[in-house]
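Please open the structure in your viewer and keep the selection tool at hand. This tour moves from stop to stop, saying at each one what to select and what can be found there.

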Amino acid sequence: MASKFFLLALLAMSASRAIASDPGQLQDFCVADRTSQVFVNGFACKDPKTAVAEDFFFSGLHMAGNTSNKQGSAVTAVNVAQIAGLNTLGISLVRVDYAPNGQNAPHIHPRATEILTVLEGSLYVGFVTSNPENKLFAKFLNKGDVFVFPQGLIHFQFNLGTNKAIAIAALSSKNPGVITIANAVFGSKPSISDDILAKAFQVDKNIVDNIQAQF
């Protein structure tokens with residue numbers, strides 16, 4: 001009986017590992033063929049004999065992003081859309097630039113855990129757990145500090161300093177996806193009914209209409 005229980009537990013752990021990140025590759029690499037008309041979970045592979053070094057290369061993370069926007073931040077992504085060779089490898093990267101008082105607004109990555117390190121400046125960061133606790137885990141970070149945002153949880157970064165800040169983050173998917181909460185709720189196309197949002201946020205419909213107008 002004990003051996004059967006152990007076997008079931010082992011299978012459960014194996015299954016959880018299998019769905020915890022992008023599917024594992026069954027070959028050295030699978031360079032994305034973005035011209036393929038085959039629809040798969042990710043990208044079809046191009047013939048590995050045609051792969052070249054440029055399929056695994058990106059240049060540009062040394063350049064600061066343009067933070068002249070309402071949020072005061074800029075995200076430079078390096079995922080499978082920029083490096084075709086990341087296909088099936090289950091990892092990607094972003095550089096985030098923050099103006100003073102700039103923020104990477106509350107958002108989620110539906111397909112990835114994120115690990116972020118501050119290269120310059122200081123940040124106030126945090127994430128919120130799922131219902132019903134909705135507990136906030138937050139911390140002030142300085143240069144060289146590292147913080148983890150678990151997959152699928154709402155998280156944010158805010159530059160409290162008077163100088164710019166820079167961070168680099170790795171994500172556990174070639175295509176982690178991003179859903180900015182405010183954009184999704186108030187800027188969806190078509191719009192979510194203001195009656196629904198007014199009831200959800202317990203505010204007057206005019207307030208909802210004014211917020212939606214910003215998006």
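The stops below take in a pocket, some aromatic rings and a few residues around helices.

Before selecting anything, keep in mind that this is a predicted model.

**The largest pocket**

Begin by selecting Val-75, Asn-104, His-107, Val-178 and Thr-180, which are the closest to the centre of the largest pocket among the 26 residues that line it. The space in this pocket comes to about 490 Å³. Now colour the strands β1 (73-78), β2 (92-98) and β3 (103-108) together with helix α2 (181-186), since these are the elements that each give two or more residues to the lining. If you then colour the lining by residue type, you should count 12 nonpolar, 12 polar and 2 charged residues.

**Aromatic rings**

Next, show the side chains of the aromatic residues, for the whole structure holds 8 aromatic pairs. Select Tyr-124 and Phe-156, whose ring centres are 5.7 Å apart and whose planes meet at 50°, so that this pair counts as tilted. Because Tyr-124 belongs to strand β5 (residues 123-128) and Phe-156 to strand β8 (residues 154-158), the pair ties together parts that are 32 residues apart in sequence. Is each of these two residues buried or partly exposed? Tyr-124 is partly exposed, with a relative accessible area of 24%, whereas Phe-156, at 15% relative accessibility, counts as buried because the cut-off for buried is under 20%. Then select Phe-127, Phe-137, Phe-147 and Phe-149, which ring pairs link into a cluster.

**Gln-212 and its surroundings**

Move on to helix α4 (residues 205-213) and select Gln-212 within it. This residue has a relative accessibility of 15% and therefore counts as buried. Which residues is Gln-212 in contact with, once its neighbours within four places in sequence are left aside? They are Phe-186, Ser-191, Ile-192, Asp-194 and Leu-197. For Ile-192 you can look at a particular pair of atoms, as a polar atom of the Gln-212 side chain lies 3.0 Å from the backbone oxygen of Ile-192.

**The two ends of helix α3**

Finish with Ser-193, which caps the N-terminal end of helix α3 (residues 194-201). To see this cap, display the side-chain oxygen of Ser-193 that lies 3.2 Å from the backbone nitrogen of Asp-195. Then follow the chain to Gln-202, just after α3, where the backbone takes a positive phi of about 55°.

Terms used:
Residues numbered from 1 in each chain as written. Predicted model: local features only at pLDDT ≥ 70, side-chain atom pairs only at ≥ 80, totals over all residues. Heavy atoms only, no water. 1 Å grid on protein atoms, 1.4 Å probe; cavity = no way out; pocket = protein on both sides within 12 Å on 5 of 7 lines; lining within 4 Å. Points joined across faces, edges and corners; volume = space filled by probe spheres on them. Helix = DSSP H or I, 4+ residues; strand = E, 2+ residues; numbered from the N terminus. Nonpolar A, V, L, I, M, F, W, Y, C, P; charged D, E, K, R; others polar. Phe/Tyr/Trp six-rings, centres within 6.5 Å; stacked < 30°, edge-to-face > 60°. Buried < 20%, exposed > 50% of the residue type's maximum accessible area, 1.4 Å probe, protein only. Polar contact = N/O pair within 3.5 Å; in protein donor to acceptor, adjacent residues only side chain to side chain. Contact = heavy atoms within 4.5 Å.
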